[in-house]
Amino acid sequence: MSDSAPPQPPPVSGEDTPVPLMQRLYDSPFLLLLACIVVMFGFFTAWGMIEIMSLEPAPLP
C-alpha cells in the first residue's frame, strides 16, 4: 500500500511571500531617506539638548 497523497508543490516565490521590513525599506528610496531623516532628527535633537543643559546659567543684570 503506497501513499495516496499527491506530492506537495514547491513554494511559489512571488507576490504571496511577505517581504521583510528592511528589504522594503531599502527598495524604496523615499522610505530610506525618511528613515535617515528621522534618525538624524533624533540624534541632533538629543545632542542639542545635552549641549544646552551643559551651559552655565546666564548671570542676571
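Tutor: Before we start, exposed means over 50% relative accessible area, buried means under 20%, and partly exposed is in between. Keep in mind that this is a predicted model.

Student: Okay, is Met53 buried or exposed?

Tutor: Met53 sits in helix 2, which covers residues 29–53. Its relative accessibility is 63%, and the cut-off for that top class is over 50%. So Met53 counts as exposed.

Student: Which residues form a nonpolar patch on the surface?

Tutor: Met53 is one of them, and together the members have about 570 Å² of accessible area. Nonpolar side chains get joined into a patch within 5 Å. The full set is Met49, Ile50, Ile52, Met53 and Leu55.

Student: What share of the chain's residues count as buried?

Tutor: The chain has two helices and zero strands, and its accessible surface comes to about 6,300 Å². To count as buried, a residue must be under 20% relative accessible area. Of the 61 residues, the share that does is 0%.

Student: Now the rings: the structure holds three aromatic pairs, so what kind of pair do Phe43 and Phe44 form?

Tutor: A ring pair is described by the distance of the centres and the angle of the planes. For Phe43 and Phe44 that's 5.1 Å centre to centre and 75° between the planes. Planes over 60 degrees apart land in one class, so this pair is edge-to-face.

Student: Is Phe44 exposed or partly exposed?

Tutor: Phe43 is exposed, with a relative accessible area of 51%. Phe44 has 45% relative accessibility, and the class between 20% and 50% applies. Therefore Phe44 counts as partly exposed.

Student: Which residues do ring pairs link into a cluster?

Tutor: Phe43 and Phe44 form one aromatic pair. Ring pairs also bring in a Trp, and the cluster is Phe43, Phe44 and Trp47.

Key. Residues are numbered from 1 along each chain as its sequence is written. This is a predicted model: local features need pLDDT of at least 70, side-chain atom pairs count only at pLDDT 80 or more; totals for chains, interfaces and linings use all residues. Side-chain values use heavy atoms; hydrogens and water are left out. Patches are made of residues with over 30% relative accessible area and no salt bridge: like charges are joined within 9 Å, nonpolar side chains (Val, Leu, Ile, Met, Phe, Trp, Tyr) within 5 Å. Accessible areas come from the Shrake-Rupley method with a 1.4 Å probe; for residues, only the protein chains shown count as cover. A salt bridge is a side-chain nitrogen of Lys or Arg within 4 Å of a carboxyl oxygen of Asp or Glu. Helices (H or I, at least four residues) and strands (E, at least two) are DSSP runs, numbered from the N terminus. Buried means under 20% relative accessible area, exposed over 50%, partly exposed in between (1.4 Å probe, protein chains only). Rings of Phe, Tyr and Trp (its six-membered ring) pair if their centres lie within 6.5 Å; planes under 30 degrees apart count as stacked, over 60 as edge-to-face and the rest as tilted.
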